[in-house]
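Me: I am new to this structure and would be grateful for a close look at one helix and its surroundings. Please explain how its sides differ and what it meets.

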Amino acid sequence: MSRPVHILNGPNLNLLGTREPEIYGAATLADIEAMCAARADALGLEIVFRQTNSEGQLVDWIHEAAERASAIVINPAAYGHTSIALHDALKAIDLPVVEVHLSQPAAREAFRHRSYAAAAASGSISGFGAESYLLGLEAAARLVRDRDTQR
């Protein structure tokens, strides 16, 4: 796998570690990035890890990933439940996409039960805290390997 996996993070994830730790856990986004880098190294992968509070920036990074990445792991955060633009950007690219969430949206408020990002993703992993990212990275690696084998 020569291209990196892009791990993209949406709004308010920069507050991890202090924002509602009873829901999102004590790990900071820097902690999660370090965990992902270690797992990527073990899988023989490189990663690009980014966070933004801007919907447009997230869409731009998805467009960029279409040219530079082998897959996307995305925690769209609240934009997953609201952004048709994010859905359309994910649908427009030809890459495996794994949606991840720290919490379990289906067990939370009703407005979190629908994910526009999930509708455009290869699969979703949620409810395992920071481990969701590692599982998502492993799933993305598998999807890329399977895709490369089929070509």
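Reply: The following account takes helix α3 as its subject and then turns to its neighbours.

The model is a predicted one. Helix α3 covers residues 55–68. It has 14 residues and reaches 20 Å from its first C-alpha to its last, close to the 20 Å expected at 1.5 Å a residue.

The buried side may be considered first. In α3, the residues L58, V59, W61, I62 and A65 are buried. They cover an arc of only 160° around the axis, which puts them on the same side of α3. The spacing of such residues follows from helix geometry: an α-helix has 3.6 residues a turn, so residues three or four places apart point the same way. On the face of α3 turned away from the buried side, E67 and R68 are exposed.

What lies over the buried residues of α3? The cover includes the strands β1 (5–9), β2 and β3 (71–75), together with α4 (79–82) and α5.

Of these neighbours, β1 deserves particular attention. Five of the five residues of β1 are buried, so this strand is largely enclosed by the rest of the structure. In a regular strand the side chains alternate between the two faces of the sheet. Both faces of β1 are covered, with V5, I7 and N9 buried on one side and H6 and L8 buried on the other. Strand β1 runs parallel to β2, to which five bridges join it; L8 stands opposite R50 in that strand. Five bridges also join β1 to β3, again in parallel, and here I7 has V73 as its bridge partner.

Residue R50 leads back to the helix. Side chains of opposite charge can pair when their charged atoms come close. R50 forms a salt bridge with E64, and the closest N and O atoms are 3.0 Å apart. This pair links distant parts of the chain, since R50 belongs to strand β2 (residues 47–51) and E64 to helix α3, 14 residues apart. R50 is partly exposed, at 22% relative accessibility, and E64 is likewise partly exposed, with a relative accessible area of 22%.

E64 has a further partner within the helix. R68 forms a salt bridge with E64, the closest N and O atoms being 3.4 Å apart. R68 and E64 are four residues apart in helix α3, so about one helical turn separates them.

Elsewhere in the model, the side chains of R147 and D94 also meet in a salt bridge, at 2.9 Å from N to O. R147 lies in helix α6 (residues 131–150) and D94 in the loop between α5 (84–92) and β4 (97–101), so that pair too links distant parts of the chain, 53 residues apart. D94 counts as exposed at 59% relative accessibility. Around the helix under discussion, by contrast, salt bridges that share partners join R50, E64 and R68 into one network. The count for the model comes to four salt bridges.

In summary, α3 has L58, V59, W61, I62 and A65 buried on the same side, with β1, β2, β3, α4 and α5 among the elements that cover them. The face turned away from this side carries the exposed residues E67 and R68, and R68 is also part of the network that includes R50 and E64.

Note on methods
Residues numbered from 1 in each chain as written. Predicted model: local features only at pLDDT ≥ 70, side-chain atom pairs only at ≥ 80, totals over all residues. Heavy atoms only, no water. Helix = DSSP H or I, 4+ residues; strand = E, 2+ residues; numbered from the N terminus. Buried < 20%, exposed > 50% of the residue type's maximum accessible area, 1.4 Å probe, protein only. Expected span 1.5 Å × (residues − 1). Arc of directions from axis to C-beta. Contact = heavy atoms within 4.5 Å. Pairing = 2+ DSSP bridges.
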